[in-house]
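Subject: Handing over a structure, with notes

Dear colleague,

I am passing on the structure that I have been going through, and I would be glad if you could read the notes below beside it.

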Amino acid sequence: MIQNFKSILKKVLSSLGVYEALKYMFFFGDRLHCPCCGGKFRKMQPYGETPNAICPGCGSHMRYRFLLAYLSSTNILEGNIKLLQFAPEPQTADFLKNKENIEYIAGDIDPTPYDPDTKKMDITDIPFPDNSFDVVLASHVLEHIVEDRKALAEVYRVVMSGGYA
């Protein structure tokens, strides 16, 4: 009964935008920074037994934040670059699309859950010429690919010499 009440209350508050505001206020602080949304929090939301797993501001998981923190700490995103991302999580995709120096292309075998600009694309048969991209990102993709060696060969083919994948 109590659990049902909590679920209903959460749905009502969420539909009004109040839930997100209260959640943000609860986590607000300056101890942790989210590189995806720029938010600062005293802690992040847990996920199961993992503390600080999900950003209360944008919902990014630790792997998205680690990826952007790493990319931002290197020179990989400097200069004018062409970047291809497979399985473009909204938090990383938004960050990359909004950088003026990046020509951003997103692709996935099933683009429907992603941004409308995401192209239908098979990582084992990438429809671009050799040496097309400075950077290719495919986070949490290869474990879903039966022909993972073919996918890696395709990524290698489309990455420019000196590029990153």
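What follows is a description of the fold, the surface and some side-chain pairs.

Please keep in mind that this is a predicted model. The protein has 165 residues, and buried residues make up 36% of them. Its secondary structure comes to five helices and nine strands, and these elements, read from the N terminus, follow the order α-α-β-β-β-β-α-β-α-β-β-β-α-β. If one takes the contacts between residues at least 6 apart in sequence, 39% of them join residues that are at least 24 apart. The accessible surface of the protein is about 10,400 Å², and carbon and sulfur atoms account for 56% of that surface.

To begin with the strands, β1 (residues 28-33) and β2 (residues 40-41) run antiparallel and are joined by three bridges. Within this pairing, Leu32 has Phe41 in β2 as its bridge partner. The hairpin that β1 and β2 form has six residues between the strands, and in it Gly38 takes a positive phi near 85 degrees.

Next come the charged side chains. Side chains of opposite charge can pair when their charged atoms come close. The count of salt bridges in this model comes to four, and I describe some of them here.

Which residues are linked with Lys97 in a network of salt bridges? They are Asp94 and Asp115, and the network can be followed one pair at a time. In the pair of Lys97 and Asp94, the N to O distance is 3.8 Å. These two residues are three apart in helix α4 (residues 90-97), which means that about one helical turn separates them. In the pair of Asp115 and Lys97, the N to O distance is 2.8 Å. Asp115 lies in the loop between β6 (102-108) and β7 (119-120), whereas Lys97 lies in helix α4, so this salt bridge ties together parts that are 18 residues apart in sequence. As for accessibility, Lys97 is partly exposed at 31% relative accessibility, Asp94 is partly exposed at 39%, and Asp115 is partly exposed with a relative accessible area of 30%.

Another salt bridge is formed by Arg157 and Asp130, whose closest N and O atoms are 2.9 Å apart. Because Arg157 lies in helix α5 (residues 148-158) and Asp130 in the loop between β7 and β8 (133-137), the pair ties together parts that are 27 residues apart in sequence. Arg157 is partly exposed, with a relative accessible area of 22%, and Asp130 also counts as partly exposed, at 47% relative accessibility.

Finally, there is a nonpolar patch on the surface, about 280 Å² in area, which is made by Val18, Leu22 and Met25. Is Met25, a member of this patch, buried or exposed? With a relative accessible area of 60%, Met25 is exposed, and its place is in helix α2 (residues 18-27).

If you have time for a few places, I would suggest looking at the hairpin of β1 and β2, then at the network of Asp94, Lys97 and Asp115, and then at the patch that includes Met25.

With best wishes

Conventions: Residues are numbered from 1 along each chain as its sequence is written. This is a predicted model: local features need pLDDT of at least 70, side-chain atom pairs count only at pLDDT 80 or more; totals for chains, interfaces and linings use all residues. Side-chain values use heavy atoms; hydrogens and water are left out. Helices (H or I, at least four residues) and strands (E, at least two) are DSSP runs, numbered from the N terminus. Buried means under 20% relative accessible area, exposed over 50%, partly exposed in between (1.4 Å probe, protein chains only). Contact means heavy atoms within 4.5 Å. Accessible areas come from the Shrake-Rupley method with a 1.4 Å probe; for residues, only the protein chains shown count as cover. Two strands pair if DSSP finds at least two bridges between them. A salt bridge is a side-chain nitrogen of Lys or Arg within 4 Å of a carboxyl oxygen of Asp or Glu. Patches are made of residues with over 30% relative accessible area and no salt bridge: like charges are joined within 9 Å, nonpolar side chains (Val, Leu, Ile, Met, Phe, Trp, Tyr) within 5 Å.
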